[in-house]
Amino acid sequence: MTEIKRLRRSRADRTLAGVVGGLAEYFGVDPTMARAVFLLAVLLTGGTAVLAYPILWIVMPDTPPEVRPVSPASGGHLPYGA
């Protein structure tokens, strides 16, 4: 089955809250281009688009953290930092 695409704030590509990074991941575009489009929208709307950011920050859920199982390395010792 195909996975349902969800709009979530990005954990990997986050500058402030991950809103624009999450939008970039959802639409499959470069995060830098998404930030440029957002900045252009802010300039063209006279700053009104800035109100969208905190609203999306509240409404968009955060991407869940990756759960990686911790398995012992060879020899039964955990690697440094695990």
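1. A quick word on terms before the loop that holds Leu 51: helices here are DSSP runs of H or I with at least four residues, numbered from the N terminus. Keep in mind, too, that this is a predicted model. The chain has three helices and zero strands, so read along the sequence you simply get α-α-α.

2. How much of the chain counts as buried? For the 82 residues of the chain, the share is 17%. The cut-off behind that word is a relative accessible area under 20%.

3. Let's start with helix H1, which covers residues 19-27 and is where Gly 22 sits. Is Gly 22 buried or exposed? Gly 22 counts as buried because its relative accessibility is just 2%. Looking across to Ala 34, the two are 12 residues apart in sequence, and their C-alpha atoms are 9.7 Å apart.

4. Leu 23 also belongs to helix H1, but its label is partly exposed, because its relative accessible area is 24% and that label covers the range between the 20% and 50% cut-offs. Its C-alpha lies 8.2 Å from that of Ser 10, with the two positions 13 residues apart in sequence numbering.

5. Phe 27 is in helix H1 as well. With 56% relative accessible area, Phe 27 goes down as exposed, since the threshold for that is over 50%. How far apart are the C-alpha atoms of Phe 27 and Leu 7? They are separated by 9.1 Å, for two residues 20 apart along the chain.

6. On to helix H2, which spans 31-44 and includes Leu 39. Leu 39 has a relative accessible area of 51%, so it is exposed; the cut-off is over 50%, worth remembering if you lean on that label. From Leu 39 to Ala 49 you step 10 residues in sequence and 8.8 Å in space, C-alpha to C-alpha.

7. Where is Leu 51? You'll find Leu 51 in the loop that joins helix H2 to helix H3 (52-59). Leu 51 is another exposed residue, because its relative accessibility comes to 56%.

8. Leu 51 has company at the surface: together with Leu 16, Ile 55, Trp 57, Ile 58 and Val 59 it makes up a nonpolar patch. The combined accessible area of that patch is about 680 Å². Residues 55, 57, 58 and 59 of the patch fall inside the 52-59 span of helix H3.

9. If you're thinking about pockets, the largest one holds about 310 Å³ of space. Which residues lie nearest its centre? Those are Arg 6, Arg 8, Glu 25, Thr 63 and Pro 64, out of a lining of 15 residues. Glu 25 has a number that falls within the 19-27 range of helix H1.

10. What is the chemical make-up of the lining of that pocket? Seven of its residues are charged, five are nonpolar and three are polar.

Key:
Residues numbered from 1 in each chain as written. Predicted model: local features only at pLDDT ≥ 70, side-chain atom pairs only at ≥ 80, totals over all residues. Heavy atoms only, no water. Patch = residues over 30% accessible without salt bridge, like charges linked within 9 Å, V, L, I, M, F, W, Y side chains within 5 Å. Areas by Shrake-Rupley, 256 points an atom, 1.4 Å probe, with all protein chains shown as cover. Salt bridge = Lys/Arg side-chain N within 4 Å of Asp/Glu carboxyl O. Helix = DSSP H or I, 4+ residues; strand = E, 2+ residues; numbered from the N terminus. Buried < 20%, exposed > 50% of the residue type's maximum accessible area, 1.4 Å probe, protein only. 1 Å grid on protein atoms, 1.4 Å probe; cavity = no way out; pocket = protein on both sides within 12 Å on 5 of 7 lines; lining within 4 Å. Points joined across faces, edges and corners; volume = space filled by probe spheres on them. Nonpolar A, V, L, I, M, F, W, Y, C, P; charged D, E, K, R; others polar.
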